[in-house]
Amino acid sequence: MTEKALRLGTRRSKLAMAQSGQVADAVSRVTGRPVELVEITTYGDVSREALAQIGGTGVFVTALREALLRGEVDFAVHSLKDLPTTQPEELALAAVPEREDPRDVIVARDALKFTDLPRGARIGTGAPRRMAQLNAYARAHGLDITTVPIRGNVDTRIRYVRDGELDAVVLAAAGLNRIGRIEEVTDFLSVDTVLPAPGQGALAVECTADNADLVAALGELDDPFTRAAVTAERSLLAALEAGCSAPVGALADLLADGQSVKEMRLRGVVGTTDGSRTVQLSTTGPVPQTHEQALALGRELATEMLAQGAAGLMGERAH
């Protein structure tokens, strides 16, 4: 008798299905059990409003979490950057697999790089974080760009460029990698130009906290360095009291000395969407060995950023 299939809750988008399929294969290998995908529609998928208007935080996550708690699925896969920073007690973040490329990328007409876009170029993005940093970079380097708010999946966004409505759109490298479309990228944005969203490129695998066997099995997929990095980034976001639609960028990376990893550097930025004012700071410390140490790294940098006036740059603070 074959063991019953594990049910994996996923959003219906092409990207969500691709990343959930990859996790499903990994879970199957670890547990020896088949995994079936259960498609769930979330409010963020059906609403056409801008993310900042519908609250941003949790709009892609709530329906999946409700399905978990009702027992309709055994575990769920989220893009980690969509998760609210407070973890519900009844759910366990069982695994944060190794992170994909965290960078943002440009898909532009005529295979143009960001810095080669013509004067007055229209660049589409739905993220205040990307707008703030692109506009700040443009101001500092004498570029003339207009950021245009857009929503939609990868196909929709790239179509704006193909149809000539926009000169370029900004997307996450990880998503294009996962759906096999990375060759459409015309420019990779250095993290020195645009810091990604906290947790960008990482996935979160969640199940109910009381299912100890499944928590342990899913834990085989966990990458401790990725978990420490995203924990620090999300701790920064939480300490700034900012939701996931706020103009906050953060990236924790490992600083290696030859073969051995010595330290973790956490960089954070917050800015007004027009790029006129930004606060960007970084801190470096030993690689966190515990969840608490990773949280402390984020809080420490947030405190410094708030002292530099970061709160005033975020518009409405999310509570």
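This section describes two sheets, the helices that pack on them, and one pocket in a predicted model.

One open sheet is built from five strands in the order E2-E1-E3-E10-E4, and its pairing is mixed. Strand E2 (35-39) and E4 form its edges, each pairing on one side only. From one strand to the next, the twist averages 35°. Within this sheet, strand E3 (residues 75-79) and strand E10 (residues 203-208) run antiparallel and are joined by five bridges. Val 77 stands opposite Val 205 in E10.

Helix H4 (residues 62-69) packs on this sheet, where it touches strand E1 (6-10), E3, E4 and E10. The direction of H4 makes about 165° with that of E3. The buried residues in H4 are Ala 63, Leu 64, Arg 65, Ala 67 and Leu 68. These buried residues of H4 pack against E1, E3, E4 and E10. Gly 71, just after H4, takes a positive phi of about 80°.

A further open sheet also has five strands, in the order E7-E6-E8-E5-E9, with mixed pairing. Its edge strands are strand E7 (145-148) and strand E9 (187-188), each of which pairs on one side only. Strand E5 (residues 104-108) and strand E8 (residues 168-172) run antiparallel, with five bridges between them. The bridge partner of Asp 104 is Ala 172 in E8.

Two helices are described in relation to this sheet. Helix H5 (residues 128-141) lies across E5, strand E6 (121-124), E7 and E8, and runs at about 175° to E7. Helix H6 (residues 154-162) packs on the sheet by touching E5 and E8. The direction of H6 makes about 155° with that of E8.

Ala 217 was examined individually. This residue lies in helix H8 (residues 212-218). Ala 217 counts as buried because its relative accessible area, 19%, falls under the 20% cut-off. When neighbours within four places in sequence are left aside, Ala 217 is in contact with Val 30 and Thr 31. Ala 217 and Ala 94 are 123 residues apart in sequence, while their C-alpha atoms are 8.6 Å apart in space.

The second largest pocket was then considered. General background on such spaces is brief: rolling a probe the size of a water molecule over the atoms shows where empty space is left. The second largest pocket has a volume of about 390 Å³. It is lined by 17 residues, of which Thr 85, Gln 87, Arg 234, His 291 and Leu 295 are the closest to its centre. By type, the lining residues of this pocket comprise eight nonpolar, six polar and three charged.

Several elements contribute to the lining of the second largest pocket. At least two residues each come from strand E4 (91-95), helix H9 (224-239) and helix H10 (291-307). H9 gives the most to the lining, with six residues. E4 thus appears in two settings: as an edge strand of the sheet that it shares with E2, and as a supplier of at least two residues to the lining of the second largest pocket.

Note on methods. Residues are numbered from 1 along each chain as its sequence is written. This is a predicted model: local features need pLDDT of at least 70, side-chain atom pairs count only at pLDDT 80 or more; totals for chains, interfaces and linings use all residues. Side-chain values use heavy atoms; hydrogens and water are left out. On a 1 Å grid over the protein atoms alone, a cavity is a set of points where a 1.4 Å probe fits but cannot get out, and a pocket is an open set with protein on both sides within 12 Å along at least five of seven lines; lining residues have an atom within 4 Å of a point. Grid points are joined across faces, edges and corners, and a volume is the space filled by probe spheres set on the points. Helices (H or I, at least four residues) and strands (E, at least two) are DSSP runs, numbered from the N terminus. Ala, Val, Leu, Ile, Met, Phe, Trp, Tyr, Cys and Pro count as nonpolar, Asp, Glu, Lys and Arg as charged, and the others, Gly among them, as polar. Two strands pair if DSSP finds at least two bridges between them. Axes are lines fitted to C-alpha atoms, for helices over the stretch in contact, and angles run from 0 to 180 degrees between N-to-C directions. Contact means heavy atoms within 4.5 Å. Buried means under 20% relative accessible area, exposed over 50%, partly exposed in between (1.4 Å probe, protein chains only).
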